[in-house]
Structures are given as structure tokens and as C-alpha cells.
Amino acid sequence: MSFASPMPTREFLWDVFQRVDKDHSGAITVEELQQALSNGTWTPFNPETVRLMIGMFDKRQSGTVNFEEFGALWKYVTDWQNCFRSFDRDNSGNIDRTELKAALTNFGYRLNDSVIEMLIRKYDRAGRGTIYFDDFIQCCVVLYTLTSAFRQYDTDQDGVITIHYEQFLGMVFNLKI
């Protein structure tokens, strides 16, 4: 799937939607979307990232996205692709430690090098010390989701929370990640 136009017409989106909806059910499944997406590395798009994205835009809780939901998903992926390209300074098709730290700093995160290293290890499926486009999306979505959950308890915004173990479990297991 190519993301050339930032403001695609409804007709363009419908054409893309119909091509992605292989079984013509009127809804796109995780499998259909995964087959349609490209991370630019000739490897399949990470199914976990696709599942997260479907979950974010599946307002009907059906496990799929219909045409209306697909438009929002298309814009989301396009925006992420533009973001990824802007931080992939060497145009390698992946994000290294320095590029990831720059991206996350730009998003407002102030993370030390050990956390950046941990994120690289967690989201580097190829074992090369870099993160592909699809894994970059997943990393950022998970980081955002965890940060939002943390902030619900960080009422004084000092970066420190005190919670009971069961509160922690409730916080983590209620997240859509």
C-alpha cells in the first residue's frame, strides 16, 4: 500500500478499501490489512502492530474496520509514515538509537539512554539494533498508552506514582496494547 496523498478523496479511499477487502465483506480484517501494508523492507508488516491499529479504529468492537473507520486508519498510517521518514535521517528504512531518541524527544519524552536501549531491544525484530516502520508505530503507540495510564495516577505531574499491586495490575490489564 502506498501513502502518496495526504488528503485522499473519498473515491480514492474507496478504491483502496475495496482492494484491501479481499473477501468483499465490507470490513477489513487484521490479515487483510497486514497483507496490504508495507514497511519498506520486503518483510511482512508486524501482525501485532496491525492488531493494535485495528483496535484503535474499530469503534464497533468487531475486530475489523469498515470503510468509515478505514479513512481514519489511512490518515493515521500516513501521518506515521511521514513522521518515520522525517526521523530516518540516513534514509536507511529503519530507525537507529540516535534517530529513535530524537523522535521520542521531539514527541516530548525525556528518556535516558538505558530506556532507549530497552526500546530498541524490545522492538528490533531483525536483531540489528534498528527498528522498522511497523515496529516504530507499535513502540510509539505502546509508549503513549503506558504514559497515559501512568499520568492518570500522577496527579501532581512529578513523574512519580504510588499504587498498590492490584491497582497496577488493573491499570496494565485494562490497556488495549
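## Where helix 4 meets helix 7

In this predicted model, a good place to begin is the meeting of two helices: Y76, V77, W80, Q81, C83 and F84 from helix 4 touch F133, F136, I137, C140 and V141 from helix 7. If you sort the residues of this contact by type, you get ten nonpolar, one polar and no charged.

How do the two helices lie relative to each other? Helix 4 covers residues 67–87 and helix 7 covers residues 133–153; their axes come within 10 Å and cross at roughly 105 degrees. Angles from 65 to 115 degrees count as roughly perpendicular, so helix 4 is roughly perpendicular to helix 7.

## The nonpolar core

Some residues of that contact turn up again in the largest nonpolar core. This core has 44 residues, and those touching the most other members are M53, F70, W80, L100, L104, F136 and I137. Which helices contribute to the core? Helix 1, helix 2, helix 3, helix 4, helix 5, helix 6 (113–123) and helix 7 each supply at least two of its residues. The largest share, ten residues, comes from helix 4. As a general background idea, nonpolar side chains tend to be buried together in soluble globular proteins.

Let's zoom in on one member of this core, M53. Setting aside neighbours within four places in sequence, M53 is in contact with L37, F45, L73, Y76, V77 and I137. Y76 and V77 are on the helix 4 side of the contact described at the start, and I137 is on the helix 7 side.

## Two buried residues to look up

Try finding L143, which is in helix 7. Is L143 buried or exposed? Its relative accessibility is 13%, and buried means under 20%, so L143 counts as buried. Leaving out neighbours within four places in sequence, L143 is in contact with L104, Y109 and L111. One of these, L104, is among the core residues that touch the most other members. For a sense of distance, L143 and D15 are 128 residues apart in sequence and 33 Å apart in space, going from C-alpha to C-alpha.

Next, find E99 in helix 5, which spans residues 97–106. E99 is buried, with a relative accessible area of 6%. Not counting residues up to four places away in sequence, E99 touches F87, D88, R89, D90 and N94. E99 and F84 are 15 residues apart in sequence, and their C-alpha atoms are 9.4 Å apart in space. F84 is also one of the helix 4 residues that meet helix 7.

## Salt bridges

How many salt bridges does a search of the whole structure find? The search finds nine. In one, R10 pairs with E68, and the closest N and O atoms are 2.9 Å apart. R10 lies in helix 1 and E68 in helix 4, so this pair ties together parts that are 58 residues apart in sequence. E68 is exposed, with a relative accessible area of 51%.

Another salt bridge joins the side chains of R51 and E48, at 2.4 Å from N to O. Both residues lie in helix 3, three residues apart, which is about one turn of the helix. R51 counts as partly exposed at 36% relative accessibility, and E48 counts as partly exposed at 30%.

The side chains of R125 and D134 also meet in a salt bridge, at 2.7 Å from N to O. Here R125 counts as partly exposed, at 44% relative accessibility, whereas D134 counts as buried, at 0%. A network of salt bridges links R125, D134 and D135.

## Two loop residues with positive phi

Finally, look at some backbone angles. H24 is not a glycine, yet it has a positive phi of about 55 degrees. Where is H24 found? H24 lies in the loop between helix 1 (10–20) and helix 2 (30–36). H24 is exposed, with a relative accessible area of 64%.

Q61 is another residue to check: it is not a glycine, and its phi is positive, near 60 degrees. Q61 sits in the loop between helix 3 (47–57) and helix 4. Q61 is exposed, with a relative accessible area of 56%.

Technical notes:
Residues numbered from 1 in each chain as written. Predicted model: local features only at pLDDT ≥ 70, side-chain atom pairs only at ≥ 80, totals over all residues. Heavy atoms only, no water. Axes fitted to C-alpha atoms, helices over the stretch in contact; angles between N-to-C directions. Parallel < 35°, antiparallel > 145°, perpendicular 65-115°, else oblique. Contact = heavy atoms within 4.5 Å. Nonpolar A, V, L, I, M, F, W, Y, C, P; charged D, E, K, R; others polar. Buried < 20%, exposed > 50% of the residue type's maximum accessible area, 1.4 Å probe, protein only. Salt bridge = Lys/Arg side-chain N within 4 Å of Asp/Glu carboxyl O. Core = buried A, V, L, I, M, F, W, Y, C linked by side-chain atoms within 4.5 Å.
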